[in-house]
Amino acid sequence: MALDIRTPIGFLFAILGVLLLGYGLATLGSSSYEKSLGINVNVWWGAVLFVFGGVMLWLGRRGRP
Amino acid sequence: MDSIRLLPIDYVILTVYFVFVLGIGWALRRYQKTSEDFFLSGRSIPAWVAGLAFLSANLGAQEVIGMAASGAKYGIATSHFYWVGAIPAMVFVGVFMMPFYYGSRARSVPEYLKLRFDEKTRGFNAISFAAMTVFSSGISMYALASLFEVLLGWDFNFSIWVSGLIVLLYIYLGGLTSAIYNEVLQFFLIVLGFAPLVYLGLRDVGGWSGLTARLGEVATENGYAAGAWSDSWRHLTSPSANPMGVEWFGMVMGLGFVLSFGYWCTDFLVVQRAMAAHSMAAARRTPLIAAVPKMLFPFLVIVPGMIAIALVQTGGGGFQLPANPDGSLNYNMVIPQMLAHYFPPGLLGLGLTALMASFMSGMAGNVTAFNTVWTYDIYQSYIKKDGSDRHYLWVGRMTTIFGILASVGTAYLATRFNNIMDFLQLVFAFVNAPLFATFLLGMFWKRATGHGAFLGLACGTLAAALHHGLTLPSGALVGIKGGWLADTPVKLYPSEMAQNFWTAIWAWTACFLVTIAVSLITRQKKSDEELKGLVYALTPREREEHLPWWKTAEGLGVLVLLLAVVLNVVFW
């Protein structure tokens with residue numbers, strides 16, 4: 001196919017990762033993290049999503065798995 | 001219950017997702033030149049993409065919400081719907097059936113029936129399937145709109161029309177490819193959106209050992225042995241020993257054989273994804289690749305249910321489930337309530353996006369299957385036989401609009417007449433139950449005839465209805481639950497699930513026997529030449545020797561089955 005699906009997936013998760021990470025850093029120590037057992041899940045999970053997005057983009061650029 | 005207040009960050013995340021969903025449709029619009037591009041992605045999809053779409057098309061919200069609900073109600077035994085009720089059938093369709101689906105160049109499952117049997121068998125399957133897909137898509141829409149209404153206070157009409165419009169746009173523009181690509185995206189969103197929920201939940205209840213200890217309390221409080229919620233097989237010796245109310249034979253035969261093979265091996269909704277693969281080898285690998293994540297899904301969707309019931313019944317953290325009007329717990333709220341309980345703003349947006357994605361993949365899967373069956377099997381067969389390819393491409397797009405509108409209609413119908421919905425669901429279950437017998441005989445017994453297949457299907461459907469009408473789950477009222485044919489039910493089942501499994505077993509057996517009997521007394525109208533590529537004995541075996549073993553369907557199939565056995569043993 002002309003469009004490699006890994007590229008849009010990579011972009012989506014990289015963007016979502018940046019959004020969560022940024023929001024998490026901006027709300028460090030906020031009481032809203034009592035919900036998530038005191039863990040700032042936005043920072044951690046944002047980083048995971050960002051890395052996942054990056055890997056997808058890299059795979060998409062390489063062309064074949 | 002409280003509704004959730006979303007912050008701007010949550011809306012931003014949701015919006016980014018919608019932009020991508022529509023963007024993919026937009027980017028694919030110029031590749032839709034022929035009807036095969038639109039309905040079958042031009043048979044060009046790589047195996048891993050088709051595999052994830054195969055899984056995702058089935059991963060509608062009913063799956064996510066329903067499996068979490070069952071996890072709370074029945075515990076880890078719900079995993080039978082995966083490790084027994086899906087994996088073996090997925091291996092079977094990849095290894096044994098795909099050569100005939102893909103090799104015959106049929107464009108849909110009903111079309112295979114036409115090539116193998118005759119027009120009336122195809123018509124029966126095509127019409128019931130088309131009706132069922134519109135119905136399921138409408139139910140998905142209804143569920144989405146009602147959930148977002150209670151959860152977020154969104155207007156019901158708004159949710160219906162917006163979700164319908166988005167699915168319509170991306171399918172209208174990009175056809176099946178767009179649906180498949182979005183399903184892959186949705187797959188990752190669902191996994192990455194719900195994984196933190198499992199992590200936080202498990203951490204909260206004290207890890208796996210903490211969870212099993214709490215579930216032991218849940219089980220004994222409800223009058224079962226301590227492991228009833230945390231062992232999958234040990235308590236299936238008798239229906240009264242487990243909360244599902246089933247015993248191992250009904251489970252293995254009813255769910256593991258009839259229902260599961262009937263769904264995974266004959267339902268065009270999933271088979272279409274494999275038919276879109278770029279080669280025979282890729283088509284055969286599609287369900288096998290899907291089987292690997294499928295096997296792990298219990299940890300993502302069932303475990304949250306188990307955590308929820310453990311928290312509700314043993315106390316802790318103030319987690320609660322809302323009650324139904326009759327006082328019982330509303331298990332369908334497990335996932336939404338867990339999201340609200342554990343996810344802070346930001347991650348909550350991601351979780352809700354994942355939930356939204358699961359609703360939309362369920363809808364899109366049904367709509368793409370519907371427009372193909374409608375265009376090829378109904379319109380091209382009965383209404384206009386000799387149109388140009390461009391005409392059928394146009395019909396496909398129009399059918400997409402019609403399919404979405406019909407789904408919207410169904411969704412509104414569901415708000416007013418819940419009984420009609422239950423009734424329709426029951427009728428579809430009757431029609432579907434015997435299907436696998438027809439395909440099994442069609443593919444592996446060359447003597448099976450068109451009359452045999454048609455009468456077999458009709459009798460199987462009738463047998464399902466009769467069995468349902470003559471039996472009743474204990475404690476249920478006569479009516480939609482069964483027992484409507486006899487003053488006193490011939491058999492009382494310990495649970496609705498047990499009744500369902502046995503309805504399926506009876507339907508399958510009736511279809512199997514009637515098809516054989518009628519085939520033997522009718523003439524085979526198809527010559528051996530016509531059946532080449534459609535029946536096992538008349539199809540030359542394709543060798544896949546140039547592929548490494550882990551890329552062949554057989555090698556991958558054995559590996560997948562071994563993994564499933566390991567999981568069953570570990571959680572015995």
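**View 1. L37(A) is a partly exposed loop residue in this predicted model.** L37(A) has 14 C-beta neighbours inside 10 Å. A residue counts as buried at 20 or more such neighbours and as exposed at 12 or fewer, so partly exposed is the class in between. Where does L37(A) sit? Its place is the loop between α1 (6-26) and α2 (41-62) of chain A. The backbone of L37(A) has a phi near 55°. That is a positive value in a residue other than glycine.

**View 2. R105(B) is an exposed residue with a positive phi.** The loop between α6 and α7 of chain B holds R105(B). Its phi is about 60°, although R105(B) is not a glycine. Is R105(B) buried or exposed? It has 12 other C-beta atoms within 10 Å, so R105(B) counts as exposed.

**View 3. Helix α12 of chain B is mostly covered.** This helix spans residues 268-275. How many of its residues are buried? The count is 8 of 8. Among them are the nonpolar residues F268(B), L269(B), V270(B) and V271(B). The charged residue R273(B) is buried as well. So is Q272(B), which is polar.

**View 4. Helices α3(B) and α13(B) cross obliquely.** Their axes come within 7 Å and cross at roughly 55°. That angle makes α3(B) oblique to α13(B). The crossing is right-handed. Which residues meet here? From α3(B) come A47(B), W48(B), A50(B), G51(B), L52(B), F54(B) and L55(B). Across from them, α13(B) offers A282(B), R285(B), T286(B), P287(B), I289(B), A290(B), P293(B) and K294(B). By class, this contact has 11 nonpolar, 2 polar and 2 charged residues.

**View 5. Helices α9(B) and α15(B) form a left-handed crossing.** The two axes come within 6 Å. They cross at roughly 140°. Are they antiparallel or oblique? Roughly antiparallel would need an angle over 145 degrees. The two helices are therefore oblique to each other. Their contact contains 19 nonpolar, 10 polar and 1 charged residues.

**View 6. Chain B touches chain A.** On this interface, 31 residues of chain B are in contact with 24 residues of chain A. Several helices of chain B each supply at least two residues to its side: α1 (8-28), α3 (47-58), α9 (156-204), α14 (334-342) and α15 (347-383). Which helix gives the largest share? It is α9(B), with 10 residues. The side of chain B that touches chain A divides into 24 nonpolar, 5 polar and 2 charged residues.

**View 7. Domain 1 of chain B meets domain 2 of chain B.** The domain assignment gives domain 1 as 8-17 + 42-416 + 541-570. Domain 2 is given as 429-540. Their centres, taken over C-alpha atoms, are 24 Å apart. Here 30 residues of domain 1 are in contact with 25 residues of domain 2. On the domain 1 side, the elements that give two or more residues are α6 (87-103), α7 (109-116), α8 (119-152) and α11 (248-266). Which one gives the most? That is α11(B), with 11 residues. By class, the domain 1 side has 16 nonpolar, 10 polar and 4 charged residues.

Terms used:
Residues numbered from 1 in each chain as written. Chains lettered and ligands numbered in written order. Predicted model: local features only at pLDDT ≥ 70, side-chain atom pairs only at ≥ 80, totals over all residues. Domains from an automatic or database assignment. Contact = placed C-beta atoms within 7 Å. Helix = DSSP H or I, 4+ residues; strand = E, 2+ residues; numbered from the N terminus. Axes fitted to C-alpha atoms, helices over the stretch in contact; angles between N-to-C directions. Parallel < 35°, antiparallel > 145°, perpendicular 65-115°, else oblique. Left-handed = near helix turned anticlockwise from the far one by under 90°.
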